Amino acid sequence: MPRHSSIKKVLASLLLAAACMPAFADGLKSLENFLRDARSGRAEFTQVVTSPPRQGEAARSKTSRGTFEFQRPSRFRFDYTKPFPQTLVADGQTLWMHDPDLNQVTARKQDQVLAATPAAIIAAAPDLQALQRDFELKAAPAQGGLEWVEARPRQREGQLDRVRVGFRGDQLAALEILDSFGQRSVISFERMELNPPLAARTFQFTPPPGADVIRQ
């Protein structure tokens, strides 16, 4: 092959790589801006959980819908409305999960369960540097009209394998969560409103009278 032809191919590859770099960098920049500027937020969400296929069976998916609110530091609330009601509240000290159908409440110490979870990306970490203490972060290719960041927990003791965070501009649009069992959960956010005033009671939870309370 002529030498000048090889040089042209190398130059073309370098130019292509340079052209791709801004798209890859945008996801990390969007995450940094979101952590810096979004002190609170609320949105509607749709969650699709897909379990890995069993032998001879197709993969199974389950879709849920509800509303989501958060306020830094370390407060958030998921209210599932469909197909079954369920509430998940982090009040800064305790993570509460309420299942009305079972009349059961589970309470866990928040600092023991949230550090390396997707919730830390949304509501706990104050900035990119703090988040990098718990996650390895890298920009991922743009896909579906979104810029993506991949986050892998530095400590692999739990079930979380990795999280992909999708942004439309600097606005959080999606979370894609993959666990160590191959289960995939995609949360899509709609009508995201950043920095609204949220009442303190939003992140307070009191177990309903007669509920079975399990503390872990």
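In this predicted model, the charged end of Arg 164 is placed over the ring of Trp 148, at 4.1 Å from the ring centre. Trp 148 also has a partner from another part of the chain: its C-alpha atom is 8.1 Å from that of Asp 26, although 122 residues separate the two along the chain. Asp 26 belongs to helix 1, which covers residues 3-37, and with a relative accessible area of 37% Asp 26 is partly exposed.

A few overall figures help to place these details. The chain has 216 residues, of which 40% count as buried, and its secondary structure consists of four helices and twelve strands. Of the contacts between residues at least 6 apart in sequence, 47% join residues at least 24 apart. The mean pLDDT of the chain is 84, with 87% of the residues at 70 or more. Residues 1-24 have a pLDDT below 50, and this stretch makes six contacts in the model beyond near neighbours in sequence. Some care is welcome when reading helix 1, whose range is residues 3-37.

Aromatic rings offer a good route into the interior. Ten aromatic pairs are present in the structure. One of them joins Phe 68 and Phe 189 in a tilted arrangement, with 5.4 Å from centre to centre and 45 degrees between the planes. Phe 68 is part of strand 2 (residues 60-71) and Phe 189 of strand 11 (residues 184-194), so this pair ties together parts of the chain that are 121 residues apart in sequence. Phe 68 counts as buried because its relative accessibility is 1%, under the 20% cut-off. Phe 189 is likewise buried, at a relative accessible area of 7%.

Trp 96 and Phe 205 make another tilted pair, 5.5 Å between centres and 40 degrees between planes. Here too distant parts of the chain are linked: Trp 96 lies in strand 5 (residues 94-99), while Phe 205 is in the loop between strand 11 and strand 12, 109 residues away in sequence. Trp 96 is buried at 8% relative accessibility, and Phe 205 is buried at 15%.

Phe 68 and Phe 189 are also members of one aromatic cluster, together with Phe 34, Phe 45, Phe 70, Phe 76, Phe 78, Tyr 80 and Phe 167. Two of these residues reappear in the largest nonpolar core, which has 36 residues: Phe 76, Phe 189 and Leu 31 touch the most other members. Helix 3 (residues 118-124) is the element that gives the most to this core, contributing five residues. Beyond its neighbours within four places in sequence, Phe 76 has a list of contacts that includes Phe 68, Phe 70, Leu 88, Leu 95, Leu 114, Ala 119, Ala 123 and Phe 203. A separate core of six residues counts Val 89, Trp 96, Phe 205 and Ala 211 among its members.

Strand 2, the strand of Phe 68, pairs with strand 3 (residues 75-82) in the antiparallel sense through seven bridges. Within this pairing, Thr 67 has Asp 79 of strand 3 as its bridge partner. Strand 3 also runs antiparallel to strand 4 (residues 86-91), to which six bridges join it. Arg 77 stands opposite Val 89 of strand 4, and Val 89 is itself among the members of the six-residue core.

Both connections around strand 3 repay a closer look. Strand 2 and strand 3 form a hairpin with three residues between the strands, and the hairpin of strand 3 and strand 4 likewise has three residues between them. In the loop between strand 2 and strand 3 is Pro 73, which is joined to Arg 72 by a cis peptide bond with omega near 5 degrees. The loop between strand 3 and strand 4 holds Pro 83, and the peptide bond from Lys 82 to Pro 83 is cis as well, with omega about 0 degrees.

Backbone angles add a further detail. Most residues other than glycine have a negative phi, and most peptide bonds are trans. Ser 74, in the loop between strand 2 and strand 3, has a positive phi of about 65 degrees although it is not a glycine, and Ser 74 is partly exposed at 22% relative accessible area. Asn 103 has a positive phi too, near 55 degrees. Asn 103 is located in the loop between strand 5 and strand 6 and is partly exposed, with a relative accessible area of 34%.

Note on methods: Residues numbered from 1 in each chain as written. Predicted model: local features only at pLDDT ≥ 70, side-chain atom pairs only at ≥ 80, totals over all residues. Heavy atoms only, no water. Phe/Tyr/Trp six-rings, centres within 6.5 Å; stacked < 30°, edge-to-face > 60°. Helix = DSSP H or I, 4+ residues; strand = E, 2+ residues; numbered from the N terminus. Buried < 20%, exposed > 50% of the residue type's maximum accessible area, 1.4 Å probe, protein only. Lys NZ or Arg CZ within 6 Å of the ring centre and 35° of its normal. Pairing = 2+ DSSP bridges. Core = buried A, V, L, I, M, F, W, Y, C linked by side-chain atoms within 4.5 Å. Contact = heavy atoms within 4.5 Å. pLDDT = per-residue confidence, 0-100.
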